[in-house]
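Please examine the sequence and the three-dimensional model shown below. The explanation after it proceeds by strands, helices and selected residues.

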Amino acid sequence: MNGATRLPLVAPFVGERFAAVDRLGALLAPPYDVITPPQRTTLACNPENIVHLILPRGEPNPYTAAARTLAQWRDRGVVLPDERPALTVVQQTFANPDGRERVRTGLIGGIAAEAFALGRVKPHERTHAGPKEDRLALARATRAMFEALLLFARDQSGALQGLLHSVAEREPDARAELDDGTLALWKVDGRLSEKISMSAGQGSLYIGDGHHRYETAIQYRVENPKAARFPALIVPLNDPGVTVLPTHRLIFGGPLDSEKVVSDIRKRFQIRELSNVHEGEQELALLEERGTACVLLLPGLRALALLLKPRQHLDQLLATTDAVVGALDVARLDQVLVAPLVAAAGPSARVGYSARVQEVVTQVAEGTASAGLLLNPTKLAQVLAVADAGQTMPQKSTYFMPKVPSGIVGMDYDK
């Protein structure tokens, strides 16, 4: 695909939407890969919730069941096609972990499904075969996509942000109450949609959430030329609601010898014992500017604030030789702290992940986890630097919030 024939990066598309906008909140769901089994059970109690398409169940083939459900919904008018190509401006109001309310505004458009080598869409994570096989099987069966990826645009001029906010000044076409906040939607077509698309696609876009789905879209396009685009929410990086949380670590395995653990980590870390676990987040914020830091939770909820000592020779320990990745707190801590803890927890030990501090605290307090590690968030500038360098970050290095609800607008690849 050369420059003369390359598709515009962003374009309006003829979408499919739930007809019942008055009860939209009951029809949407989080992205498939963050839905827990109990949460899926709850969502599935509504026979028209999007979970029946994005995380289908059914015998003998769940993907065939999803296709059958989608066909029934179309026949009954549960979902309806747009009359003409459009974008969807999406405004999400949510609360940070500290309780402060924030607002994030972006647009859902059709993104060209093209190889990363072209440089217009940049990843920061390595993908795995299993999730891609799952999403590809779903795309083949349904010939549709109802999940929007999360992408970021640099928008250095602020033009895109200005266009989105001008749309958001009018009364929304739909509203929804969700578990993690509220949602307001505006459908934009005609010349304004073309103007917004051009602004959104001026520079490279950076994947926040959805690396597996992006690579699936590229592969599916080879099989189905009509699948030249996929839906994605594009958010300007200068939007005040852009939020990156850390993904904390949990060590599952056998019991740890706390005294030996402390003795071993003292070789590399300055250690301060906290009076209680609730000091952890505050201590992390204080240490953030001083270097690579974390809070280690040990059995009995013993909490230790750790700061990596200066002049540590980490080259041989780090799995990457790239300086951009090697400078990340999460890359350093995974190698010099998490890996030894896993080894100490026995041959069957494994690492778990959570963006919720309280979940980490609870798992350690109840003895479900052998230890927990609270991290500072990876800075957004670091995520961009890794992507621009063509590198990938360690698994679960970021947690962008809020998640993009599935089911806002779908793309029918048979249209």
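The paragraphs that follow treat a sheet, the packing of several helices, a covered strand and one residue at a helix end.

The model is a predicted one. A suitable starting point is an open sheet of four strands, whose order is E3-E2-E21-E7 and whose pairing is antiparallel. The edges of this sheet are occupied by strand E3 (79-81) and strand E7 (144-145); each has a single partner strand, so one side of each is left without a neighbour in the sheet. Strand E2, residues 15-18, pairs with E3 through three bridges in the antiparallel sense. Within that pairing, Glu 16 has Pro 81 of E3 as its bridge partner. In general, the strands of a sheet are paired through backbone hydrogen bonds, in either a parallel or an antiparallel manner.

Two helix pairs that share helix H4 may be considered next. Helix H3 (residues 62-76) packs against helix H4 (residues 129-142) at an angle of about 40°, and their axes are 8 Å apart. This angle makes H3 oblique to H4, and the crossing of H3 past H4 is right-handed. On the H3 side the contact is made by Tyr 63, Thr 64, Ala 66, Ala 67 and Leu 70, while H4 contributes Asp 134, Ala 137, Leu 138, Ala 141 and Thr 142.

H4 also packs with helix H7 (residues 211-223), here at an angle of about 45° with the axes 9 Å apart. H4 is therefore oblique to H7, and this crossing, too, is right-handed. The residues of H4 that take part are Pro 131, Lys 132, Arg 135, Leu 136, Ala 139 and Arg 140. They meet His 212, Arg 213, Glu 215, Thr 216, Gln 219, Tyr 220 and Glu 223 in H7.

Helix H5 (residues 159-167) illustrates how burial can be distributed around an axis. Its buried residues are Leu 160, Gln 161, Leu 163, Leu 164 and Val 167. These residues cover an arc of only 165° around the axis, which puts them on the same side of H5. The elements covering them include the strands E4 (86-95), E5 (101-112), E8 (149-153), E10 (181-189) and E12 (229-236), together with helix H6 (190-200).

Strand E14 (residues 248-252) presents another arrangement, for five of its five residues are buried. In a regular strand, side chains alternate between the two faces of the sheet. Both faces of E14 are covered: His 248, Leu 250 and Phe 252 are buried on one side, and Arg 249 and Ile 251 are buried on the other. E14 is joined to strand E18 (residues 350-354) by five bridges, and these two strands run antiparallel; His 248 stands opposite Ser 354 in E18. E14 also pairs with strand E19 (residues 371-375) over three bridges, again in the antiparallel sense, and Leu 250 has Gly 372 of E19 as its bridge partner.

Finally, which environment does Ala 344 of helix H11 (residues 329-344) have? Ala 344 is partly exposed, because its relative accessible area is 47%, a value between the limits of 20% and 50%. Leaving aside neighbours within four places in sequence, Ala 344 is in contact with Pro 255 and Leu 256. Its C-alpha atom is separated by 10.0 Å from that of Ser 370, a residue 26 residues apart from Ala 344 along the chain.

Conventions:
Residues numbered from 1 in each chain as written. Predicted model: local features only at pLDDT ≥ 70, side-chain atom pairs only at ≥ 80, totals over all residues. Heavy atoms only, no water. Pairing = 2+ DSSP bridges. Buried < 20%, exposed > 50% of the residue type's maximum accessible area, 1.4 Å probe, protein only. Arc of directions from axis to C-beta. Contact = heavy atoms within 4.5 Å. Axes fitted to C-alpha atoms, helices over the stretch in contact; angles between N-to-C directions. Parallel < 35°, antiparallel > 145°, perpendicular 65-115°, else oblique. Left-handed = near helix turned anticlockwise from the far one by under 90°.
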